[in-house]
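Biologist: I should like to learn how to read the features of a structural model. Could we begin with its aromatic rings and then turn to other topics?

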Amino acid sequence: MKKTLLLVLLWTISISKMTAQQSTDTLKAYYDKIEKSFNYESGKITLPEGDGTLNVPKGFKFLNAEQTQNVLTSLWGNPEDKSILGSIVPDGKGVTHMDSWMFVISYQGDGYVKDDDADDIDYDDLLKTMKEDVAAANVERKTAGYPEVQLIGWASKPFYDK
């Protein structure tokens with residue numbers, strides 16, 4: 001009786017290990033398939049907006065805007081952000097690894113100032129407007145199920161150096 005019970009127990013443990021290994025293998029194959037679907041680039045990249053170029057440094061690779069958006073929203077569960085132009089990911093590590101990370105590249109033209117307007121900028125008023133924009137965006141974030149973000153203030157008050 002004891003031998004039969006021991007055999008049943010050992011058989012159950014071995015079946016559990018095989019099932020767990022199959023699940024791990026299936027999950028790994030799934031993530032490998034996703035990883036292989038990305039078209040990483042390197043070298044000099046022309047960004048679609050902001051008239052910019054990006055020289056991808058050695059040890060990194062570039063993902064375009066569409067692929068980056070897919071990673072951030074579908075894989076990592078972030079809200080959509082139409083300002084994203086792409087991302088830089090460390091070489092040797094893809095976006096499906098457990099400890100993945102990336103530099104996200106975006107462009108907003110609101111920082112450009114013509115020299116003839118520079119003396120007229122009221123930075124307190126600008127901060128107030130930016131805070132109002134963040135508050136308005138938070139309504140959409142909450143509706144979509146994401147936490148609010150807060151704009152507290154300037155780390156150091158901006159100034160224009162002619």
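Modeller: Certainly. This is a predicted model. The count comes to 4 aromatic pairs. One of them joins Phe38 and Tyr40, a tilted pair with 6.2 Å centre to centre and 55° between the planes.

Biologist: How is such a pair described in general?

Modeller: A pair of aromatic rings is described by two quantities, the distance of the centres and the angle of the planes. In the present case, the angle of 55° between the planes of Phe38 and Tyr40 goes with the term tilted, since only angles over 60 degrees count as edge-to-face.

Biologist: Are Phe38 and Tyr40 buried or exposed?

Modeller: Both Phe38 and Tyr40 are buried. Tyr40 has a further partner: the charged end of Lys61 sits over its ring, 4.1 Å from the centre.

Biologist: What kind of aromatic pair do Phe60 and Trp101 form?

Modeller: Phe60 and Trp101 form an edge-to-face pair, with 6.4 Å centre to centre and 70° between the planes. This pair links distant parts of the chain, 41 residues apart: Phe60 belongs to strand β3 (residues 60-64), whereas Trp101 lies in the loop between β4 (84-90) and β5 (103-106). Ring pairs also bring in Phe103, so that Phe60, Trp101 and Phe103 are linked into a cluster.

Biologist: Why does Phe60 count as partly exposed?

Modeller: Phe60 counts as partly exposed because its relative accessibility is 23%, and buried would require a value under 20%. Trp101, with a relative accessible area of 37%, is partly exposed as well. Across the chain of 162 residues, buried residues make up 22%.

Biologist: How should I read the surroundings of a buried polar residue? Where does Gln69 lie?

Modeller: Gln69 lies in helix α2 (residues 65-75). Gln69 is classed as buried because its relative accessible area is 14%. Leaving aside neighbours within four places in sequence, Gln69 is in contact with Ser74, Pro79, Glu80, Asp81, Lys82 and Ile84. Gln69 and Ser83 are 14 residues apart in sequence, and their C-alpha atoms are 9.9 Å apart in space.

Biologist: Which residues is Asn138 in contact with, leaving aside its neighbours within four places in sequence?

Modeller: Asn138 is in contact with Glu148, Val149 and Gln150. Asn138 is found in helix α3 (residues 123-143) and is buried, with a relative accessible area of 5%.

Biologist: How is empty space in a model found?

Modeller: Rolling a probe the size of a water molecule over the atoms shows where empty space is left. Here, the largest pocket has a volume of about 650 Å³. Its lining consists of 18 residues, and Asp81, Gln108, Ala137, Arg141 and Val149 lie nearest the centre. By class, that lining has 8 nonpolar, 4 polar and 6 charged residues.

Biologist: Which helix gives the most to the lining of the second largest pocket?

Modeller: Helix α1 (residues 2-37) gives the most, with 4 residues. The second largest pocket holds about 240 Å³ of space, and its lining residues include Lys28, Tyr31, Trp76 and His97. By class, 5 nonpolar, 3 polar and 3 charged residues line this pocket.

Biologist: What pattern does the chain follow, read along the sequence?

Modeller: The pattern is α-β-β-β-α-β-β-α, built from 3 helices and 5 strands. Among contacts with a separation of 6 or more, residues 24 or more positions apart account for 46%.

Notes
Residues numbered from 1 in each chain as written. Predicted model: local features only at pLDDT ≥ 70, side-chain atom pairs only at ≥ 80, totals over all residues. Heavy atoms only, no water. Phe/Tyr/Trp six-rings, centres within 6.5 Å; stacked < 30°, edge-to-face > 60°. Buried < 20%, exposed > 50% of the residue type's maximum accessible area, 1.4 Å probe, protein only. Helix = DSSP H or I, 4+ residues; strand = E, 2+ residues; numbered from the N terminus. Lys NZ or Arg CZ within 6 Å of the ring centre and 35° of its normal. Contact = heavy atoms within 4.5 Å. 1 Å grid on protein atoms, 1.4 Å probe; cavity = no way out; pocket = protein on both sides within 12 Å on 5 of 7 lines; lining within 4 Å. Points joined across faces, edges and corners; volume = space filled by probe spheres on them. Nonpolar A, V, L, I, M, F, W, Y, C, P; charged D, E, K, R; others polar.
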